[in-house]
Amino acid sequence: MKSFDELHLSQPLIRSISNMGFEEATPIQELAIPLAMEGRDLIGQAQTGTGKTAAFGIPLVERFTADSEQIQGIVITPTRELAVQVAEELNKLGQFKGIRTLPIYGGQDINRQLKALQKRPQIIVGTPGRLMDHMRRKTIRLHQIKMVVLDEADEMLNMGFIEDIEAILQEIPEERQTLLFSATMPKPIQALAQRFMKNPEMINIRAKELTVAAIEQTYMEVQEKQKFDVLCRLLDIQSPDLAIVFCRTKRRVDELSEALNKRGYSAEGIHGDLTQSRRDSVLRQFKEGTIEVLVATDVAARGLDISGVTHVYNFDIPQDPEGYVHRTGRTGRAGKTGLAITFVTPREMDHLKFIEYVTKRRMVRKPVPTITEAIEGQQRLAMERLLRVVEEEDLLQYRGLAEDLLEETDSVTLLAAALKMLTKEPDTTPVELTEEAPLRGKRAKNFKFQQRGHRRETSHKGATRGGRNSRW
Ligand code: ADP
Ligand code: MG
């Protein structure tokens, strides 16, 4: 991989990148940045967690000057959270160059947005609906736009935003540069690109480059009724720093986060029915580490980059392979290691195989942990806490008391009692969860798996680059 110095960036950019802690360009950045800086239209296809934001963010910020008072760059994202997150990263990239980026999204007070617009950002990151609003009100004018980025284009397609995007693109002067990023390239996205892009260069980073290789992917065969207890045991054994639990429905998110709280875990749910301020606050608490378990639907968590997620639990198996890749992409970001565990009910085993086949990734089967293992996990934690106190704290004030206690009781018994007090013992508070019907993958049923072993090879060195005339 190349260092950023080799990409001929300006000093302010080099400074902000090193400030952000990036040392080397990721594969998609290495390929996309030089091309985008030449002014080429670009289609970048890569898994989540591969650094697509900076791949378009760096050329965007390099392209503009701080003294300009017009909006010159626009990034369109599927969700509000993603808009906020991308704007954050662009603001970090632009900090020394003085390039301002403003996120624009529905649910946010329009007057506040108008005020923020008066600060003359050079770049706007917005969701399609709210951008259309501003276009209609003429509070955002697009005639000076030089660069457009469509981020997570496949997701915008899934969410039914294609027509909005077309309407927006039609308003933007044709001599603009257009970049499109997507984890997958379904037909309608290809059509969109053909219609609105000029001779785009294709960059395709195949599989396993960054994150995915670093994620240990496992599954457990679990009966629907057992799922909750197994999850609790896993949390006890693995005591993750930050975990995301994925469920299929909003109701499930609500029920599961409530159930986890009843059993003494600090969990919060996030899904599309929550107000924006509620979602913001949950995400903030999660990033700060105030809550340890985030329970989420796919849509709510898609595209979010929350660093430090160590564990992803697929409480319900994802509907489709893309969903699986998105979910597991929440952990092991940017080279860190992560663990993903998928619960599969016996009737969903076919579906699991289908996901493995399409994603060309094998999940390792793990046995369901026992209660004893869960207790041992918690005991180990208590012991570690105790030893840390021994090493790090001043115990002088407690020594006298300890000596008194030792006159009556032997040391092993005393220590055992202290450990018991520190150990979180299995909680059996009853909880209520509505059962989900097993997922029967329609495609999975007629699927042949015989060739699985042979097909499992993936590309060796990740990147391929289509030439000028490359076709889909
Ligand atoms: P994607 O959009 O492809 O899913 P992101 O742009 O959200 O990925 O990046 C994922 C994470 O990797 C973020 O935390 C980002 O700050 C970090 N990152 C991006 N580029 C680099 C790099 N060159 N070196 C280290 N970390 C990086
Ligand atoms: Mg992204």
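1. A quick word on terms, since they shape what follows: on a 1 Å grid over the protein atoms alone, a pocket is an open set of points with protein on both sides within 12 Å along at least five of seven lines, and its lining residues have an atom within 4 Å of a point. Its volume is the space filled by probe spheres set on the points, which are joined across faces, edges and corners.

2. Please keep in mind that this is a predicted model, where local features need pLDDT of at least 70, side-chain atom pairs count only at pLDDT 80 or more, and totals for chains, interfaces and linings use all residues. Residues are numbered from 1 along each chain as its sequence is written, and side-chain values use heavy atoms, without hydrogens or water.

3. The second largest pocket has a volume of about 700 Å³. Contributing two or more lining residues each are α17, α18 and α19 (411-422), helices being DSSP runs of H or I with at least four residues, numbered from the N terminus. With seven residues, α18 gives the most to this lining.

4. Which residues lie nearest the centre of the second largest pocket? They are Leu386, Tyr398, Ala402, Leu415 and Ala418, out of 17 that line it. By class, the lining has 14 nonpolar, one polar and two charged residues.

5. Have a look at Val390 too: this residue of helix α17 is exposed, with a relative accessible area of 54% (exposed means over 50%, with a 1.4 Å probe and protein chains only).

Key
Chains are lettered from A and ligands numbered from 1 in the order in which they are written. Buried means under 20% relative accessible area, exposed over 50%, partly exposed in between (1.4 Å probe, protein chains only). On a 1 Å grid over the protein atoms alone, a cavity is a set of points where a 1.4 Å probe fits but cannot get out, and a pocket is an open set with protein on both sides within 12 Å along at least five of seven lines; lining residues have an atom within 4 Å of a point. Ala, Val, Leu, Ile, Met, Phe, Trp, Tyr, Cys and Pro count as nonpolar, Asp, Glu, Lys and Arg as charged, and the others, Gly among them, as polar.
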